[in-house]
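Let's take a walk through this fold together, starting from a turn and working outwards to the sheets and helices.

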Amino acid sequence: MDRAHRARDAGLACGDLPPGTFNSIADVPGVKVGHRTINDGDIRTGVTAIIPHGGNLYRQKPVAAAHVLNGFGKSAGLMQVEELGALETPILLTNTLSVGTCCTALVRHAILSNPDIGRETSTVNPVVLECNDGYLNDIQALVVAEDDARAALDIASSDVAVGSVGAGCGMSTFGFKGGVGTASRRLEIDGRSFHLGVLVLSNFGRPGDLRLPDGRVIAPVISLPDRDRTEKGSIIVVAATDIPLSDRQLTRILRRSGVGLARLGSFWGHGSGDIAIGFTTGNILCHGENADLVAIRILNEQRIDLLFQAMADTTQEAVLDALVAAGSMTGRSGHHRPGLLDTLATPSPGT
């Protein structure tokens with residue numbers, strides 16, 4: 001992983017819990033991430049894939065949960081995740097108008113390994129989440145194809161690229177260039193090391209509201225057309241852990257993503273789609289389970305504050321990670337987003 005432009009390199013670490021080796025969602029064993037970036041002409045978009053483990057997800061379903069902070073979004077698959085508490089496909093992230101295409105790609109991907117889907121057994125629940133990259137990207141061009149989703153799945157690895165990559169290619173955050181960011185925390189429980197990792201697709205926040213960990217409020221230099229003070233962006237927060245949890249416990253943890261977003265200056269406005277989804281590889285549900293009663297381990301609820309803290313810190317740092325790594329970008333119709341580091345490096349008037 002290229003560590004030259006990460007949040008911590010810019011002095012923007014959050015909290016006092018130790019990060020994992022890579023400070024990424026892939027510190028959770030088995031988790032892989034892949035990107036397909038499409039950057040050409042007026043196109044600034046792509047697909048990001050998060051794969052929870054290396055087995056057959058349809059047959060071995062990680063316990064999962066979802067939480068909607070503000071529901072101005074067009075994601076697919078959340079209803080079944082909330083109802084059944086399990087994930088049975090990889091998670092794909094993309095732009096708002098490409099959700100359907102990515103759903104179809106996930107269905108084909110699942111059928112390839114499970115030809116009985118929809119015939120001898122139940123159908124499959126593809127999970128796709130989105131943000132609107134239409135400021136920098138010609139979203140009406142509908143360029144994302146099933147092959148792009150498959151490419152992101154095929155190249156997924158533990159080496160997680162961040163910034164203007166994959167689904168993050170055309171995203172904006174607090175008036176700056178946004179994108180994909182990640183962070184993790186190593187947690188000691190019962191004498192063993194576990195991890196909680198987060199990956200964000202960051203496309204939210206009003207210009208002028210961004211607050212850094214040291215309390216500085218940072219605003220980009222923006223042109224007049226950008227001075228719209230309504231919150232119209234979105235953020236997708238994907239959390240992974242190897243700590244055994246119930247779906248109810250995961251939901252409680254996911255809610256704390258809002259703490260990290262609030263620290264950054266967000267209030268989840270009317271026009272914002274702010275959604276968190278998470279899974280644990282510490283509890284797997286078998287598709288063909290025949291037993292009437294099954295054993296499952298869960299965290300002692302008296303210890304869950306540690307995960308609340310980790311969720312808040314990793315969400316906050318993952319957004320900053322995206323901002324630091326993204327750089328600046330000019331996209332559709334000459335629309336421009338400056339990079340956070342460029343603004344931090346510019347002396348204030350009078351200095």
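## A hairpin and its surroundings

In the hairpin formed by β8 and β9, 2 residues lie between the strands, and Asp190 has a positive phi near 55 degrees. Please keep in mind that this is a predicted model.

The two arms of that hairpin run antiparallel and are joined by 11 bridges. One of the pairings links Ser184 with its bridge partner in β9, Gly197. How much of β9 is buried? Of its 12 residues, 10 are buried, and the strand is mostly covered.

On to the next neighbour: 8 bridges join β9 (residues 192–203) to β12 (residues 234–241), and this pair is antiparallel. Leu196 stands opposite Thr241 in β12, while Val198 has Ala239 of β12 as its bridge partner.

## The five-stranded sheet

In which order do the 5 strands of the open sheet come? The order is β3-β13-β12-β9-β8, with mixed pairing. At the edges are β3 (60–71) and β8 (179–189), each of which pairs on one side only. From one strand to the next, the twist averages 15 degrees.

Two helices pack on this sheet. Helix α5 (residues 257–264) touches β3, β12 and β13 (273–286), and its direction makes about 40 degrees with that of β3. Helix α6 also packs on the sheet, touching β8, β9 and β12; the direction of α6 makes about 155 degrees with that of β8.

## Where α4 meets α6

Helix α6 has a helical partner as well. The axes of α4 (residues 247–255) and α6 (residues 305–326) come within 8 Å and cross at roughly 45 degrees. Are the two helices parallel or oblique to each other? With that crossing angle, α4 and α6 are therefore oblique. The contact involves Arg252, Ile253 and Leu254 from α4, together with Leu307, Phe308 and Met311 from α6. As for handedness, α4 passes α6 in a right-handed crossing.

## Around β4

Now let's turn to β4 (residues 91–95). This strand is mostly covered, as 5 of its 5 residues are buried. β4 has pairings with β2 and β5. With β2 (residues 43–51), β4 runs antiparallel and shares 3 bridges; Thr48 has Leu93 of β4 as its bridge partner. With β5 (residues 127–131), β4 runs parallel and shares 5 bridges; here Thr94 has Glu130 of β5 as its bridge partner. Together with helix α2 (residues 99–113), β4 and β5 make a right-handed β-α-β unit.

The strand pairings met so far can be set side by side:

| Strand pair | Bridges | Direction |
|---|---|---|
| β8 and β9 | 11 bridges | antiparallel |
| β9 and β12 | 8 bridges | antiparallel |
| β4 and β5 | 5 bridges | parallel |
| β2 and β4 | 3 bridges | antiparallel |

## Two more positive phi values

Asp190 has been mentioned for its positive phi, and two further residues deserve a look. Asn23 has a phi near 50 degrees, a positive value in a residue other than glycine. Asn23 is found in the segment before β1 (32–40). Is Asn23 buried or exposed? Its relative accessibility is 6%, so Asn23 counts as buried, the cut-off being under 20%.

Leu142, which is not a glycine either, likewise has a positive phi near 50 degrees. This residue lies in the loop between β5 and α3 (146–154). At 51% relative accessibility, Leu142 counts as exposed, because exposed means over 50%.

Key: Residues are numbered from 1 along each chain as its sequence is written. This is a predicted model: local features need pLDDT of at least 70, side-chain atom pairs count only at pLDDT 80 or more; totals for chains, interfaces and linings use all residues. Side-chain values use heavy atoms; hydrogens and water are left out. Buried means under 20% relative accessible area, exposed over 50%, partly exposed in between (1.4 Å probe, protein chains only). Helices (H or I, at least four residues) and strands (E, at least two) are DSSP runs, numbered from the N terminus. Two strands pair if DSSP finds at least two bridges between them. A crossover is right-handed if, with the strands pointing away from the viewer, the path from the first strand over the helix to the second runs clockwise. Axes are lines fitted to C-alpha atoms, for helices over the stretch in contact, and angles run from 0 to 180 degrees between N-to-C directions. Angles under 35 degrees count as roughly parallel, over 145 as roughly antiparallel, 65 to 115 as roughly perpendicular and the rest as oblique. A crossing is left-handed if the near helix is turned anticlockwise from the far one by less than a right angle, and right-handed if clockwise. Contact means heavy atoms within 4.5 Å.
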